[in-house]
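Subject: Handover of a structure and notes on its contents

Dear colleague,

Please find below the structure that I am handing over to you. My notes on what was found in it follow directly after it.

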Amino acid sequence: MKVAGLFFSLFIFFAAYAQKGPNVIIICADDLGYGDLGCYGATKLQTPNIDRLAANGIRFTNGHCTSATCTPSRYAMLTGMYPWRKKGTGVLPGDAALIIPTNTGTLPSLFASAGYATGIVGKWHLGLGDSVAKNWNATIQKGPNDIGFGYSFIFPATADRVPTVFLENQQVVASDSSDPIQVSYQHPIGDEPTGRDHPELLKLHASPGQGHDGTIVNGIGRIGYMQGGRLARWTDEEMPLTFLEKAKTFISRHTQQPFFLCYNLTEPHVPRMPSTMFRGKSGLGLRGDAILQLDWSVGEILKELERLHLTQNTLVIFTSDNGPVLDDGYQDGAVTLLQGHKPGGPLRGGKYSLFEAGTRVPFIVSWPAQVKPGTSEALLCQVDWLASFAALLNKTLPAGVGADSQNQLPALLGRSATGRTSLVEHAGALAIISGKWKYIPANNIQPYYKLTDTETGGSTEPQLYDLQQDIGEINNLARKFPDVCASLQALLDASLRK
Ligand code: NG6
Ligand code: CA
């Protein structure tokens, strides 16, 4: 009997071990373009660590975020829903309320339900608390920990928005009751200098007409106003080290339990203020230096996985939340020191654009134990992670959860060369990709944003491009192929009704 019992225990042990899913780390850059990495064709910048990740995994050439800005893309990543279905999912101010309902299934709650330790480190930008008015000096009641993350170390919105503080498990780090934090996006508060009134105090000048002239923190004017929390405010130059340390600690604490980590880097979003060790290294100014810093952080995470013998069974995704922009509010040399570098690679447009550079982003999947290295042209979107990981974990999503998420696991793991048959792209208005075609219905968007130098894809004429022949979306074929336009319009209309 005893022997049988021992065999049974061993069987249970091995069965449990065999079922142990991979650790999953999603590394999401902020505003990194399709052409910003060596492995995607950049020659003026070296990104050896991400290139190595790509060489050991699959580099997707047709991988997308849903939207050409951060909040909607990240909403889609976590909920498996197209963000344009829901009001209030545009770029959020730093005091916004949480926009993801706490009673619905999400990507982190899926992993948690499969026994994973779940964590998020880095940018959040999905709102906190029940309402705009909230007490930043106490634990905030609604945030990442309420939608499935067991651990969170985040900043609330963007690096250029107040409050410029970190929150660990929804509590401001180093908060101080004798210097309480207040935040306003309506009017100046407190007696601290603003970028508008005291440009002489700035180490990074705001671009004319783009705001970024509220409260000065660390010599940089921000969007919005804050007072208090002086000890809690971050130093931009240290931010990558702080996030890296928190991410490494999360990983090293979970070597015995599978984990899911979102590591949301802030580079190369504005304000670009890389640490001293990367200053001047790229020769392309602060934006280039920030990309070197981002690549270094990825390398440090890969090293940590090696050190802990976790490389083989850790699935790492590297991607970006939207396309690139050069001048997004500060005069930091991104435009003047570009040296011919093409952040969007061969693609047209960029952040804020319906053209491909808005939403076609770096998209790399590595899982040494299971994924054969290569490249893939499969059409994929970050919105598909929810259903794909549900399939990987053998879980059924609750009814109504992740309605826009498709199980694309075979394509993600390189076992199928094809992915989606169509994808809706979003930047103010909507466009659709189906097969080789890209269709942008006539819209009322201003064709060109002068401040950010963005070709938006706005046009009162319909646009149709053959992405196979014309990835740069130069030759509008709408007049030549009215039937194709009509069928893509019908497909888009059907997606809207879904
Ligand atoms: C824009 C900001 C820009 C950036 C962006 C959000 C202005 C003029 N521009 O509104 O600087 O913060 O929002 O970027 O305010 S994102 O990557 O988080 O979507
Ligand atoms: Ca972004």
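Which residues are the closest to ligand 1, and how many surround it? In this predicted model, 18 residues surround the ligand, and the closest are Cys70, Asp160, Arg161, Asp328 and Lys351. By class, this shell consists of seven charged, seven polar and four nonpolar residues.

Three contacts to oxygen atoms of ligand 1 may be followed in the view above. Lys351 places a polar side-chain atom 2.7 Å from an oxygen atom of the ligand. Asp328 takes part through its backbone, with an N or O atom 2.8 Å from an oxygen atom of ligand 1. His212 has a polar side-chain atom at 2.9 Å from an oxygen atom of ligand 1. On its own, ligand 1 has 450 Å² of accessible area, and the protein covers 83% of it.

The calcium site

The second ligand is a calcium ion. Its coordination comes from OD atoms of Asp30 and Asp31, from Asp321, which is listed twice with an OD atom, and from OD1 of Asn322, at 2.2 to 2.7 Å. Written along the sequence, the spacing of the donor residues is D-D-x289-D-N. The pair Asp31 and Asp321 links distant parts of the chain, 290 residues apart. Asp31 belongs to the loop between β1 (23–29) and α2 (48–55), whereas Asp321 belongs to the loop between β13 (314–320) and α7 (356–359). Both of these aspartates are buried.

Why is the arrangement around the calcium ion (ligand 2) irregular? The angles that its six donor atoms subtend run from 52 to 172°, and this spread makes the arrangement irregular. For six donors to count as octahedral, opposite donors would have to be over 155 degrees apart and all other angles would have to lie between 65 and 115.

Cis peptide bonds

Most residues other than glycine have a negative phi, and most peptide bonds are trans. Against that background, some places in the chain deserve your attention.

The peptide bond that joins Val162 and Pro163 is cis, with omega about -5°. Pro163 lies in the loop between β5 (151–155) and β6 (167–168). With a relative accessible area of 1%, Pro163 is buried, because buried means under 20%. Its C-alpha atom is separated by 19 Å from that of Asp328, and the two residues are 165 residues apart along the chain. Asp328 is the residue whose backbone was described above in connection with ligand 1.

A cis bond also leads from Glu267 to Pro268, where omega is near -10°. Pro268 is located in the loop between β12 (259–264) and α6 (285–307).

Residues with a positive phi

Asn169 is not a glycine, yet its phi is positive, at about 45°. This asparagine is found in the loop between β6 and β7 (171–172). Is Asn169 buried or partly exposed? Its relative accessibility is 33%, and Asn169 therefore counts as partly exposed.

Glu473 is likewise not a glycine and has a positive phi of about 50°. Glu473 sits in the loop between β22 (463–466) and α10 (482–497). In contrast to the partly exposed Asn169, Glu473 counts as buried, since its relative accessibility is 0%.

A further positive phi, of about 60°, is taken by Asn394, just after α8. The helix itself, residues 385–392, is mostly covered, with six of its eight residues buried. Those buried residues are Trp385, Leu386, Ala387, Ser388, Phe389 and Ala390.

Other buried positions

Thr359 has its place in helix α7. It counts as buried, at 1% relative accessibility. The side chains of Thr359 and Glu425 are joined by a polar contact of 2.8 Å.

Finally, Ser184 is found in strand β8 (residues 182–184). Its relative accessible area is 8%, so Ser184 is buried. Ser184 and Thr249 lie 65 residues apart in sequence, and their C-alpha atoms are 33 Å apart in space.

With kind regards

Note on methods: Residues numbered from 1 in each chain as written. Chains lettered and ligands numbered in written order. Predicted model: local features only at pLDDT ≥ 70, side-chain atom pairs only at ≥ 80, totals over all residues. Heavy atoms only, no water. Donors = N, O, S within 2.8 Å, 3.2 Å for Na, K, Ca; no water. Tetrahedral: all angles 85-135°; square planar, octahedral: opposite > 155°, others 65-115°. Helix = DSSP H or I, 4+ residues; strand = E, 2+ residues; numbered from the N terminus. Buried < 20%, exposed > 50% of the residue type's maximum accessible area, 1.4 Å probe, protein only. Near = heavy atom within 4 Å. Polar contact = N/O pair within 3.5 Å; in protein donor to acceptor, adjacent residues only side chain to side chain. Areas by Shrake-Rupley, 256 points an atom, 1.4 Å probe, with all protein chains shown as cover. Nonpolar A, V, L, I, M, F, W, Y, C, P; charged D, E, K, R; others polar.
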